[in-house]
Amino acid sequence: MGKIIVAGIGPGSKEDITPAVLEAVRQADVIVGYKYYFQFIEAYVKKGCECIDTGMKKERERAEQAFLWAEQGKTVVVISSGDAGLYGMAPLIYEMKQERRSDIEVTTLPGISAFQKAASLLGAPIGHDTCIISLSDLMTPWEVIERRIKAAAAGDFVTAVYNPKSHGRYWQLYRLQELFLKYRSETTPVGYVRQAGREEQEVKVTALADFDPEDVDMFTVILIGNSQSFVADGKMITPRGYFRSEDDEDCTIGQNIMMDSFRTIAGELQKKDYPLDHKWALLHAIHTTADFDMENILYTDPKAVDTLYHKIKDGTLKTIVTDVTMVTSGIRKGALQRLGVEAKCYLSDPRVSEMVNGPLGRRTLATNGTQEWSMVNENITRTQAGIRLAVEEHPDALFVFGNAPTALMELCDLIRKGKAHPAGIIAAPVGFVHVKESKHMVKPFKDIPKIIVEGRKGGSNLAATLCNAILTFDDAEEMKPGRDL
């Protein structure tokens, strides 16, 4: 009884054929394959070996020939380019063995695949999780292919693209580029290699937005980087994390967990190229809420986080005022102490009770046109009273709201009257009454750096984490949150 060896002969260079495959070719009685591939092994074929070559799209015919010769007691080598198990002959041979209920022994010898060869020529683009997609829709419906493209793009996989184009398939690669741009930054590195390992070899590196599908043909393999991939000295690099791991050794367990969480969130963001200070606030917001809708509703003024951090760093911003004590509790004490900042909430101040329930809660218009406290009744919330007291003592504080829309509305009123001049505002009250309106009221203050959770969502924990994002902005570049945990 003969046997069948399915062998991958690599991408096209003799140097890339494995010793095991060369030995199988030397021992073969019969070699079956696509006629174009014989040029790469002809120097190793023994005298008298039967070589059966066929044209394209004759895969089933080649498999049948292999079994017919093996059933005559011959050692048959079926050759595929690259790795025989990757878009090659190996699956078909095993399927046919089942179909024929054959006792013929079948073995597979791996080969260097085209995407591996292309990767080595491009640098180190497949250093992390990688997937491979063929754009050929001859046997796979395009709907299935497109679903896989979306999954690869959304999953932040480094993606190798086989069969990107042919005379009849001209638009599919354009569609792939369009889909990837929905999930990846325009600057995502893209490398592509034509005729990898062969004399006609061409190697190019570009960015996803600049990639031109017209520069590609059916002999090209494309590699699209993930969100961490970068280009250095003309080479694509996708880091695995070894350097990062060494840097993380000095971090606490809690900080390492938080860093891993941030990396996970960053990989799942729909958009990858946010400005750093907005992205830092967004990562904190999603980490706290596990709500990726934050990507749609978190608003920051341009450079708001950056500006407020530097105000704190240079000492011009020394006080943070919150609407409720839960927000104050969530602001990291280590960061406050490190930066010399005080976080205050006036809700428990005895004067608040007097303003709400006693004579101080009543005011009237004095003869000079200013408002003064009197015995005229005025209904206000405790949080409103707290903000009034805060503005009297710290009119230039960073004001942070995570609960009370009435407190935020009170601050807006005091700003318009010239009594408050906040260094910044975090507007994240939560609820159903006056919540949206209070956030709309903040927007017109163009000269005040603002962070706003738009709509009904918000909360004390969210307001506190946005404050923490400001306090730790110097950790954003290295993506190392949680220093003060």
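Here are some short exercises, with worked solutions, on a predicted model.

**Exercise 1. Lay out the open sheet: what is the strand order, and which strands sit at the edges?**

Step 1: Start with the order. The open sheet has five strands, arranged S3-S2-S4-S1-S5, and the pairing is parallel.

Step 2: Now look for strands that pair on one side only. Those are S3 and S5, the edge strands.

Step 3: Add the twist, which averages 20° from one strand to the next.

**Exercise 2. Work out how S1 is held: which strands does S1 pair with, and where does Ile-4 come in?**

Step 1: Take the S5 side. S1 and S5 run parallel and share five bridges. Here Ile-4 stands opposite Val-106 in S5.

Step 2: Go to the S4 side. Six bridges join S1 to S4, again a parallel pair. On this side, Ile-4 stands opposite Val-76 in S4.

Step 3: Follow Val-76 across to S2. Val-76 in S4 is also the bridge partner of Val-30, and S2 and S4 run parallel with three bridges joining them.

Step 4: Check burial. Five of the six residues of S1 are buried, so this strand is largely enclosed by the rest of the structure.

**Exercise 3. Find the buried face of H1: which residues are buried, and what do they pack against?**

Step 1: Pick out the residues under 20% relative accessible area. In H1 (residues 19-27), Val-21, Leu-22, Ala-24 and Val-25 are buried.

Step 2: Look down the helix axis. The buried residues of H1 fall within an arc of 160°, so they line one face of the helix.

Step 3: If you're wondering about the spacing, an α-helix has 3.6 residues a turn, so residues three or four places apart point the same way.

Step 4: See what that face touches. The buried residues of H1 pack against strands S1, S2, S4 and S5.

**Exercise 4. Do the same for H3: which residues are buried, and which are exposed on the other side?**

Step 1: List the buried set of H3: Ala-90, Leu-92, Ile-93, Met-96 and Lys-97. Yes, there's a lysine in there.

Step 2: Seen down the axis of H3, those residues stay within an arc of 165°, so they too line one face of the helix.

Step 3: Flip to the other side of H3, and you find Glu-95 and Gln-98 exposed.

Step 4: Identify the cover. The buried residues of H3 are covered by elements including S1, H2, S4 and S5.

Step 5: Place H3 (residues 90-100) on the sheet. H3 touches S1, S4 and S5, and its direction makes about 170° with that of S5.

Step 6: Step off the end of the helix. Just after H3, Arg-101 takes a positive phi of about 50°.

**Exercise 5. Describe how H15 and H16 pack: what are the angle, the handedness and the contact residues?**

Step 1: Get the geometry. H15 (residues 382-393) and H16 (residues 405-416) pack at about 35°, with axes 8 Å apart. Their crossing is right-handed.

Step 2: Name the contacts. From H15 come Thr-383, Gln-384, Ile-387, Arg-388 and Val-391; these meet Thr-406, Ala-407, Glu-410, Leu-411 and Leu-414 in H16.

Step 3: Sort the contact residues by type. You get five nonpolar, three polar and two charged.

**Exercise 6. Is Glu-42 buried or exposed, and where is it?**

Step 1: Glu-42 lies in the loop between S2 and S3.

Step 2: Exposed means over 50% relative accessible area. Glu-42 has 57% relative accessibility, so it counts as exposed.

Step 3: For scale, Glu-42 and Thr-325 are 80 Å apart in space, C-alpha to C-alpha, and 283 residues apart in sequence.

How values were computed:
Residues are numbered from 1 along each chain as its sequence is written. This is a predicted model: local features need pLDDT of at least 70, side-chain atom pairs count only at pLDDT 80 or more; totals for chains, interfaces and linings use all residues. Side-chain values use heavy atoms; hydrogens and water are left out. Axes are lines fitted to C-alpha atoms, for helices over the stretch in contact, and angles run from 0 to 180 degrees between N-to-C directions. Helices (H or I, at least four residues) and strands (E, at least two) are DSSP runs, numbered from the N terminus. A crossing is left-handed if the near helix is turned anticlockwise from the far one by less than a right angle, and right-handed if clockwise. Contact means heavy atoms within 4.5 Å. Ala, Val, Leu, Ile, Met, Phe, Trp, Tyr, Cys and Pro count as nonpolar, Asp, Glu, Lys and Arg as charged, and the others, Gly among them, as polar. Buried means under 20% relative accessible area, exposed over 50%, partly exposed in between (1.4 Å probe, protein chains only). The arc is that of the directions from the helix axis to the C-beta atoms. Two strands pair if DSSP finds at least two bridges between them.
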